[in-house]
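Visitor: I am new to this structure and would like a close look at a single part. Please take the strands that pair into an open sheet, and then place that part beside a few others.

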Amino acid sequence: MAAVAAVAAGRWRRGARLSAAAALALLSLALVTLTAGRGGGGEGRPASPPPLPSGLREELRQRRRDLQRLAAAGGGEEAAGGLGCGDLSLASGVSVLGWGFTKVVARAALAGGGAVALKSVHGAGREVRQCVQRYGAPAGCRRLAAYKLLKEVTLLRRLQHPGIVQLHGQCYDNSGDSELRVTAMLELGSPLEMIQLLQTPWEERFKICLSLVKLLFYLAHSPLGSIVLLDFQPRQFVMVDGNLKVTDMDDASTEELSCKEDNDCTLEFPTKSFPLKCSAVGKCEGINEKKNLFNAYRYFFTYLLPHSAPPALRPFLSDILNATGDLRYGINETLRAFEKVLHLYKSGLYLQKRPLLLKDYISLKGFRTVEGEDYKCWPSYSHLGCLLSIHGAEEAAAICSSQSQCQSFIVTQQRTWTGRPLASFQSSPTDLVPDANAVVYIKRSASLGERLLRQ
């Protein structure tokens, strides 16, 4: 099977270097500690667990009700079964990827090939520790945390979208009186690194934002109702084969805020607040959708959309930033605005009313330049030189003419996710090699261009 399971586990620590023994020990703490605390009861029979404090019983009841409500909600198709406890027992090569308030995430190899991420309750995590401090009931507190993971598994079984990590299986054991062992096995990806993203070409950053908008559109119209990501931050997302996916759903909610009047419906953020309407059914209208959208604006759009965008598209991007930053757009309008930008970009319509510069170049069919390190530009698809996305040779000519170091370019066979070709720009086109499928464009003013003109 394909590689699976990569979750960010909420506020987990990344990059922790542990020995294999320590990694296994940490995972064991998450999985096995759930069975601890059952004292002996004479002649091998376990003693009955002490009654749980009333406050903890109420929290457990609330989480059980949440699970029952999700399970009973209509709409959507559950993901097909897959990996189970048998696969988990045969997994090997366990290594911890990270841990957070509630969960620990480990990577493991499957007996049949491929890899999985195991997402389990962190028995020594902050959520369990704080619960034990309040109630003094370790087993009940671990069960409380397990319900949170069960909620995530339930959501992942019901929600099917390319922007949500896939659930490939789960294993749970509810045989104990107050214990509940849960392990989820999910799709494998890599943590989202915003600093690295800022160094990638604009087209790739636009793809991230567009993928996020499509995800938020789905969440606003999901089969379970409008869903809000309460812990919406970049660390809750991963990249899977170049695609953005949300990986942490335990803090997602299908409930919209109840209200009696409009004053109950103020959407608060650290730097802004937005008054919303209280509907006739006593719910704040669109609060989940708008909360998701503003978080996308402040964590993603403001950083990834405007920088190094094609100049002709910047007014459209500014409109998106302004309208989402003020919540004048809902998710439907935002998706239409993104799709308009994508259409302009893929079709090349944004290049209208530009001077035609390809006439300043000599084209040599059947040749290409020798590949090698050359001058660099930002943001390039290659760290060895200047490799940029173009609509066609005319746009490449405009780019080359705007760069003093550029003397020639070649339109490669490589394509981006939009289907646009990549062009390689070079400063010294002295070495040409035959290539029946290639065309080299050389500035007429370049030394090689002048020699060719004299021939």
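Guide: What follows starts with the sheet and then moves to a helix pair and some aromatic rings.

The model is predicted, so local features are given only at pLDDT of at least 70 and side-chain atom pairs only at pLDDT 80 or more, whereas totals for chains, interfaces and linings use all residues. Residues are numbered from 1 along each chain as its sequence is written, and side-chain values use heavy atoms, without hydrogens or water.

The open sheet has five strands in the order β1-β2-β3-β5-β4, with antiparallel pairing. Strands here are DSSP runs of E with at least two residues, helices are runs of H or I with at least four, and both are numbered from the N terminus. Two strands pair if DSSP finds at least two bridges between them. The edges are β1 and β4 (167-173), each of which pairs on one side only. From one strand to the next, the twist averages 25°.

At the β1 edge, β1 (residues 92-99) and β2 (residues 103-109) run antiparallel and share five bridges. One of the residues in these bridges is S92, whose partner in β2 is A109. The connection from β1 to β2 is a hairpin of three residues. On to the next neighbour, β2 and β3 (residues 115-121) are joined by seven bridges, again in the antiparallel sense. Here A106 has L118 in β3 as its bridge partner.

A helix lies across this sheet: α5 (residues 138-158) crosses β2, β3, β4 and β5 (181-186), running at about 135° to β3. Such angles run from 0 to 180 degrees between N-to-C directions, with axes fitted to C-alpha atoms, for helices over the stretch in contact.

Helices also meet one another. Two packed helices are described by the angle between their axes and the distance between the axes. The axes of α9 (residues 314-325) and α10 (residues 331-347) come within 10 Å and cross at roughly 170°. This makes α9 roughly antiparallel to α10; angles over 145 degrees count as roughly antiparallel, under 35 as roughly parallel, 65 to 115 as roughly perpendicular and the rest as oblique. In α9, the contact residues are F316, L317, I320 and T324, which meet T334, A337, F338, K340, V341 and L344 in α10. Contact means heavy atoms within 4.5 Å. Seven of the residues are nonpolar, two are polar and one is charged. Ala, Val, Leu, Ile, Met, Phe, Trp, Tyr, Cys and Pro count as nonpolar, Asp, Glu, Lys and Arg as charged, and the others, Gly among them, as polar.

F338 also belongs to a cluster of W202, F206, F301, F338, Y345 and Y350, linked by ring pairs. Rings of Phe, Tyr and Trp (its six-membered ring) pair if their centres lie within 6.5 Å; planes under 30 degrees apart count as stacked, over 60 as edge-to-face and the rest as tilted. The count comes to 15 aromatic pairs. Among them are F269 and F274, with centres 6.2 Å apart and planes at 75°, so the pair is edge-to-face. Both F269 and F274 are buried, that is, under 20% relative accessible area with a 1.4 Å probe and protein chains only, where over 50% is exposed and in between is partly exposed. The rings of F274 and F294 also form an edge-to-face pair, because their centres lie 5.2 Å apart and their planes stand at 65°. This pair links distant parts of the chain, from F274 in β12 (residues 273-275) to F294 in α8 (residues 287-304), 20 residues apart. F294 is buried at 3% relative accessibility.
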